[in-house]
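New to this one? Have a look at the chain below, and then we'll walk through it together, starting with a single residue and ending with the whole fold.

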Amino acid sequence: MPEKIELQKFVDELPIPNILSPKRQVNNNSYYEVTMKEFSQKLHRDLEPTRLWGYDGTFPGPTFEVMENETVFVKWINDLPNKHFLPVDTTIHGSEITLPEGRSVVHLHGGRTPAHSDGYPEAWFTRNFEQTGPLFEREIYSYPNIERATTLWYHDHTVGITRLNVYAGLAGFYLIRDMHEQSLNLPKGNYEIPLLIVDRSFNPDGSLYYPSTSDPNNKSLPHPSLVPPFDADTILVNGKVYPFLKVEPRKYRFRFLNASNSRILTLKMDSGQPFYQIGTDGGLLDRTVKINEFIMGSAERVDVIIDFSQYYGQTVTLKNVTKSTSPETTDVMQFRVTVPLKSPDSSSLPYYLGDINRLPRSMAKRTRDLTLVRTKDQYGRSLNLLDGKMWMDRISERIEVNTIEIWRIINLVDDDPHPIHIHLVDFQILDRQPFDVSQYQKNGKLVFTGPPTPPNPYEVGLKDTVQTPFGYVTSIIARFGPFTGRYVWHCHMLEHEDLEMMRPIEVFKAQDWRKK
């Protein structure tokens, strides 16, 4: 680890990412161009500008704001250097020494997107599209935005180096709006704020620190060597270290995103005041949920309203109370309720938010049992696998389009709950049920040791990423569609994802399958 830098907290104001404007707009079609580039940005008052990679030269990248059913075309332009400034492990599949380091591909996380525009990990490209990956299809992506109003985000998804590209800064918000959401009279404009939370470590000169090995004394490891999930020692929100936000004594809407490589966040206000949760990964809940804290794995989103009307003149700190957290990362940001009310707060805090079309278990065409297991690679490094398979093994999850499946994710790996993300779909969490791990490892039989527990109140809605604790079967249900093609599912701890904890999915039409 680098020399520990003591950075004073709450000295920088929270930045709000810019809203991206389309280059062209005709009827219900919009065209954007976004350039990935290297730049320097000041992340704390007392740090020198930090070298980063980002979309349109900012971290976070600019925010997309689009309407439901608006067709959005994006030309993602790679203007990154040929060499990475973070340590590239060339022993990882898809990251061999023969491949360019400045490659990238963009995934709209949570988007129901055609396969050609999903950001498949092997659809990467370099500057001016001079080199492309084996599954590269097109220069301009299309997003139909057929989801309900929701909080999505976009980030790098390049096979073998996703952890490095995201850590370098390649992430931003993508918000879909619809008429129903607008009818609810939620806080909006200056009173609706996205919060992208990450952890980072810094060298004394202000540059990003990312470890090049997990054990400098182990000569059998390659150099550089991928580390296990890396929790850095400093929290940033919207690209600032421990920022503050001046607020009025009224209701605000905050869209939380945990965009850390692997860190788990448990968020709570030190004032003890509640969050009024209105949405999750896949949009609005059916009813508002009052909660005092919530847990977010990597890539999860939580949409809340916070009411500061009774706190004028006070300072409130957003805390991370995850048990395994270090003292430095218990603070996230500060709210200063010091701005006089500019006008009466006429926004609403509705109880009923709308209907969610829930899928009953009886509609499932198939139930799949899929394990999370751990072994060792050829260097003795921890290797986490989905159902015991490597990325290049034959596709085992082939699903007929628009059919409903239950996936039972059986976690045999004794550590933090893996955040499992499935592309293309929104799913619902059915339950989690403890089982006898040793019995399963002996004979493959599931022997449950307790009753199933329903999802947490803040998970009751549509999701695309789910926490899967050790010793539990986590059951989810999803309809796979409406598009066909090759997608992926993976752990969203990015170090795990880069080292084989990702698998392809094939969604097919029945007649196409028969032709094969």
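Is R381 buried or exposed? With a relative accessible area of just 7%, R381 is buried, because anything under 20% counts that way. Keep in mind that this is a predicted model.

So where do you find this residue? R381 sits in the loop that links β23 (366-376) to β24 (382-386). Its side chain has polar contacts with two other side chains, listed here:

| Side chain | Partner side chain | Polar contact |
|---|---|---|
| R381 | D377 | 2.8 Å |
| R381 | T91 | 3.0 Å |

Leaving aside residues up to four places away in sequence, R381 touches D89, T91, L221, P222, S225, L226, T375, K376 and L499. T91 is thus both a polar partner and part of that touching group.

Now zoom out to the whole chain. Its secondary structure adds up to five helices and 32 strands. The radius of gyration is 22 Å, close to the 24 Å that the globule rule gives for 516 residues, so the chain is as compact as a globular protein of that length. Along its principal axes, the C-alpha trace spans about 65 × 55 × 55 Å.

R381 has company in being buried: 61% of the 516 residues count as buried. Among contacts between residues at least 6 apart in sequence, 78% join residues at least 24 apart.

As for the surface, the chain exposes about 20000 Å², with carbon and sulfur atoms supplying 48% of it. On the charge side, there are 58 positive and 64 negative side chains, and the centres of the two sets lie 3 Å apart.

Terms used. Residues are numbered from 1 along each chain as its sequence is written. This is a predicted model: local features need pLDDT of at least 70, side-chain atom pairs count only at pLDDT 80 or more; totals for chains, interfaces and linings use all residues. Side-chain values use heavy atoms; hydrogens and water are left out. Helices (H or I, at least four residues) and strands (E, at least two) are DSSP runs, numbered from the N terminus. The radius of gyration is taken over C-alpha atoms; the globule rule is 2.2 Å times the number of residues to the power 0.38. Buried means under 20% relative accessible area, exposed over 50%, partly exposed in between (1.4 Å probe, protein chains only). Contact means heavy atoms within 4.5 Å. Accessible areas come from the Shrake-Rupley method with a 1.4 Å probe; for residues, only the protein chains shown count as cover. Lys and Arg count as positive and Asp and Glu as negative; His and the chain ends are not counted. The place of a charge is taken as NZ of Lys, CZ of Arg, CG of Asp or CD of Glu. A polar contact is a pair of N or O atoms within 3.5 Å; within protein, one must be able to donate a hydrogen and the other to accept it, and residues adjacent in sequence count only if both atoms are side-chain atoms.
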